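This report goes through a few parts of one protein chain. Please look at the sequence and the structure before reading on.

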Amino acid sequence: MSGDDRPIMPPVRLPSEAELAREALAAPLLVRAVRLARWAGAEIRVGAGGELLGEQLKAATVHLGLDGAEDGPAAAADAWNLAVDTGLLEIEEDADAEPTLESDETVGTATPGPELELLTSGGPTDVLEIWQGGLEALLADAATPSFEDLLGGLGGAIGEDGQLDPDSIDLDALDWNPEEEADFLDGALGNLYLLTITDDAVSAGAMVPLPVLAASMIVPEDMDEPTNEVLEEVSAAMMRLDEQFRLLEPIGLVEYRPVDEALIEEAAGESAQGAAPDDEDVTRYGMVRLTPLGLYGVRSRMLDAGIEAPAVGDLADADAETLLAALPGHPEDAAQSELEQWLDGRTPLDAARALLDAARGTDPGAPRRRLLCQQALSLVDVAAEPALREVLDDRELGGLARVWLAERGAGEVPPPDEEMVFWLTVDTLAAQLDTEGDDGESSELRDLMRGLVDQHTGFFDRAWRVDHPATAEVLEAMGRVHPDRKAAKEARKAAYKARSRV
């Protein structure tokens, strides 16, 4: 994707890199991988894929204190594989090694890799890069069928000697499309990322029911009532996600409450009925949330894929023009945080001058920029006063400058003439319309329009004459949404006059 075709995500609020690095170092799977990498100092012999075999795996399981756990060897193998994938361990194959598909013979040696020292002596960025590398490896594993499932599709491709004959592999029998599987998981993580940013409850820490996440990927937006076939697809997606999130939780990507094992057994013993879970039982169907580290990891992948995924604080070093141009895509609280961080690095006077200069213009986005400029200026103290006085005679900025000075009780502020009052009124309404988008019919906007008409006798007769690029557009909007029918009719007439004048 490129240019205007690239998706744009809402801005995400992330902890500092130092906090994220601490989370990464505390991820259970990475903790175990580090312990095994240090344990491998005596040169551990490994199999064809760098894996631990036989007694070596048993020793690793004991070293991690997992020998009493049913899945202890599997957990130890996962930690070892992560150490290999992230460079915490280096594998050197024997020169005469001839690996087979299934072999208990060691064909190489594992020793601590350079990333192990970097993990402890490097900075937060180094830690996060190593963690991200581990995440990529796990995501690839999560989108890959198990070895047992894969063997089912290999059929006669394995000879009596245990060797794999590539020419005999029936790819259709595998019933596995690597790209589709990867896209499925990326889609789930993308939807979960979006839910975390846009849903107040989820952003505050609430978990997302697995059926809700699966439905967001399967059920078309325009489908009022899902069909049984669609519900069966949702159920199948839930089971796939359950397996994948179980695998991804130990790396710290998600916090996950798995699907109730009893439900999985029921699903295996009878055909899918496509019934949606009861609300009271929804937690039995799995609950998931991205951790702050998970948000960081998914965002990093989005950026690599060319998706615009801003984070709050990205604009702290930007110029005022870039700041005001970017903020319209931010939710209100994120925009406020962005403004505060931008102002922190500047003096009030310099910030005010830069903002005012960036707010000028007659293009369609200019009213919104001036509204954001007002929002930013409300956060600066009286040290910015000289900058506001410098624009008192500016038609585009004089009105908002007077408002700022009046709110702070400044003296000797000349009153605005009628032309400036009406220009500022049209500019403010244009900014509000731009803020609300295509709807533009909120009760707050209707109340604002009615108040303006009530305060000014002959408002529309004066308003259509205002020399503002958005005059006709604003009057047309007033004709649509003004609650009084007579006033709405007058607004439409005034809009026609404004169009004719142009």
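## A buried tryptophan

A residue counts as buried when its relative accessible area is under 20%, as exposed when that area is over 50%, and as partly exposed in between. The model discussed here is predicted.

Trp131 has a relative accessibility of 0%, so Trp131 counts as buried. Trp131 is placed in helix α6, a helix made of residues 124–142. Trp131 and Ile251 are 120 residues apart along the chain, and 8.1 Å separates their C-alpha atoms.

## The negative patch

Helix α6 also holds Asp141. Is Asp141 buried, partly exposed or exposed? The relative accessible area of Asp141 is 41%, and therefore Asp141 is partly exposed.

Asp141 belongs to a patch of negative charge on the surface. The other residues gathered in this patch are Glu70, Asp71, Asp78 and Asp85.

## The open sheet

Strands β4, β6 and β5 form an open sheet in the order β4-β6-β5, with antiparallel pairing. The edge strands are β4, at residues 208–209, and β5, at residues 254–257, and each of them pairs on one side only.

Strand β6 covers residues 287–290 and runs antiparallel to β5, to which four bridges join β6. Tyr256 has Val288 of β6 as its bridge partner, and Arg257 stands opposite Met287 in β6.

## Two faces of strand β5

Which side chains of β5 point to the buried face? Val254 and Tyr256 point to one face and are buried. Glu255 and Arg257 point to the other face and are not buried. The side chains thus alternate along the strand.

Two of these residues can be followed across to the neighbouring strand. The buried Tyr256 is the bridge partner of Val288. Arg257, which is not buried, stands opposite Met287.

## The positive patch

A second charged patch is described here. Which residues form the positive surface patch? Arg485, Lys489, Arg492, Lys493 and Lys497 form this patch.

Lys497 is part of helix α25, which covers residues 485–501. The relative accessibility of Lys497 is 39%, so this residue counts as partly exposed. An area of this kind lies between the two cut-offs, 20% for buried and 50% for exposed.

Definitions and conventions. Residues are numbered from 1 along each chain as its sequence is written. This is a predicted model: local features need pLDDT of at least 70, side-chain atom pairs count only at pLDDT 80 or more; totals for chains, interfaces and linings use all residues. Side-chain values use heavy atoms; hydrogens and water are left out. Patches are made of residues with over 30% relative accessible area and no salt bridge: like charges are joined within 9 Å, nonpolar side chains (Val, Leu, Ile, Met, Phe, Trp, Tyr) within 5 Å. Accessible areas come from the Shrake-Rupley method with a 1.4 Å probe; for residues, only the protein chains shown count as cover. A salt bridge is a side-chain nitrogen of Lys or Arg within 4 Å of a carboxyl oxygen of Asp or Glu. Lys and Arg count as positive and Asp and Glu as negative; His and the chain ends are not counted. The place of a charge is taken as NZ of Lys, CZ of Arg, CG of Asp or CD of Glu. Buried means under 20% relative accessible area, exposed over 50%, partly exposed in between (1.4 Å probe, protein chains only). Two strands pair if DSSP finds at least two bridges between them.
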